[in-house]
Amino acid sequence: MNAAYEITNVSTGGPPTESTFHFNDHIIETEETVKIENSHRDPWSRKMSIEDLSLKINGEGLDKLKDYPVRMEEAGLNRYYGEIAYLTLEDKSNDKTQFIILLKKTKEVEKETSDGDITGRVPDEKLKYTAHILDENGNINMTSFSFTDRDALQTELLSAGSLAPYPIGYYTDARESIPTIIFPILFPFVTLAVGFILLVLFFLIRQGEKLNRTA
């Protein structure tokens, strides 16, 4: 997949990318309508508001997310981290680039209870997404998919846009989410085992050569 396409999240790095973005001669924007200001703090102590988010291209309504959590203390697209992503998709076979607005259509408002539990999360099988795809000529296409029923490209988009609930791969998510602490622990033992096997083989070969010479 990486050989055929190059996906770029326009919101990486700093300063924060503005929510109004220009792609060729087209203007993509996200407008906010505050419903509940300073609604709550999420489980990581970020101040959140609840807002309607309207997506537009060239001033025309494209999609809407109702009553979604927004990070109050962030700026630009960082305010919608995990909910909205602006991506570019370059097709290396024809050097054409598309602009993708990726939306998480399943609302999650996460809060921490007094017992330390986190509420508001949605099971993986209920997570839904929509991708609005704008090509260089201004044509717009839309595709929807779920977290548990996605193709390889959709997997790459979710990963690049940071809209998945955890690190993912197309064939398996396990390889993406193995704790990095395991590798440095196992590495010396694996190396020792391989070295021991090679040493045993070396002595067996030497013994065989000696027997052949004495025969």
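**Figure 1. A salt bridge between buried partners, E83 and K104.** In this predicted model, E83 has a relative accessibility of 7% and so counts as buried, the cut-off being under 20%. K104, at 6% relative accessibility, counts as buried too. The side chains of E83 and K104 meet in a salt bridge, with 3.6 Å from N to O. E83 sits in the loop between β5 and β6, while K104 belongs to strand β7 (residues 96-104), so the pair ties together parts that are 21 residues apart in sequence.

**Figure 2. The largest pocket, with K104 close to its centre.** Here we look into the largest pocket, which holds about 630 Å³ of space. Its lining is made up of 29 residues, and those closest to the centre are W44, G82, K104, E108 and E110. Two elements, β5 (60-71) and α1 (152-161), give two or more residues to this lining.

**Figure 3. E110 and its salt-bridge partner R121.** The side chains of E110 and R121 meet in a salt bridge, at 2.8 Å from N to O. Both residues are found in loops: R121 between β9 (118-119) and β10 (128-134), and E110 between β7 and β8 (111-112), so the pair ties together parts that are eleven residues apart in sequence. E110 may be familiar from the previous view, as one of the residues closest to the centre of the largest pocket.

**Figure 4. A network of salt bridges around K35 and D67.** The structure holds eleven salt bridges. In this close-up, K35, D52, K66 and D67 are linked in a network of such bridges. The side chains of D67 and K35 meet at 2.8 Å, N to O. Strand β5 carries D67 and strand β3 carries K35, so this pair ties together parts that are 32 residues apart in sequence. D67 is partly exposed, with a relative accessible area of 25%, and K35 is likewise partly exposed, at 42% relative accessibility.

**Figure 5. N38 and N58, two asparagines with positive phi.** Most residues other than glycine have a negative phi, which makes this pair worth a look. N38 has a positive phi of about 50°, and N58 has one of about 55°. Strand β3 (residues 26-41) is home to N38, whereas N58 lies in the loop between β4 (47-57) and β5. N38 is partly exposed, with a relative accessible area of 43%; N58 is also partly exposed, with 42%.

**Figure 6. A85 and its contacts.** Let us turn to A85, a residue of strand β6 (residues 84-91). A85 counts as buried because its relative accessibility is 3%, against a cut-off of under 20%. Which residues does A85 contact, leaving aside its neighbours within four places in sequence? They are I100, I101, L102, G161 and L163. For one of these, I101, the C-alpha atom is separated from that of A85 by 5.9 Å, although the two residues are 16 apart along the chain.

**Figure 7. A nonpolar surface patch that includes I197.** The last close-up shows a nonpolar surface patch of about 780 Å², made by V194, F196, I197, L198, V200, L201, L204 and I205. I197 has its place in helix α3 (residues 182-214). For orientation, the protein chain has eleven strands and three helices, and from the N terminus on the elements run β-β-β-β-β-β-β-β-β-β-β-α-α-α. The chain as a whole exposes about 13,200 Å², of which carbon and sulfur atoms supply 54%, and 33% of its 215 residues count as buried.

Definitions and conventions: Residues are numbered from 1 along each chain as its sequence is written. This is a predicted model: local features need pLDDT of at least 70, side-chain atom pairs count only at pLDDT 80 or more; totals for chains, interfaces and linings use all residues. Side-chain values use heavy atoms; hydrogens and water are left out. Patches are made of residues with over 30% relative accessible area and no salt bridge: like charges are joined within 9 Å, nonpolar side chains (Val, Leu, Ile, Met, Phe, Trp, Tyr) within 5 Å. Accessible areas come from the Shrake-Rupley method with a 1.4 Å probe; for residues, only the protein chains shown count as cover. A salt bridge is a side-chain nitrogen of Lys or Arg within 4 Å of a carboxyl oxygen of Asp or Glu. Helices (H or I, at least four residues) and strands (E, at least two) are DSSP runs, numbered from the N terminus. Buried means under 20% relative accessible area, exposed over 50%, partly exposed in between (1.4 Å probe, protein chains only). On a 1 Å grid over the protein atoms alone, a cavity is a set of points where a 1.4 Å probe fits but cannot get out, and a pocket is an open set with protein on both sides within 12 Å along at least five of seven lines; lining residues have an atom within 4 Å of a point. Grid points are joined across faces, edges and corners, and a volume is the space filled by probe spheres set on the points. Contact means heavy atoms within 4.5 Å.
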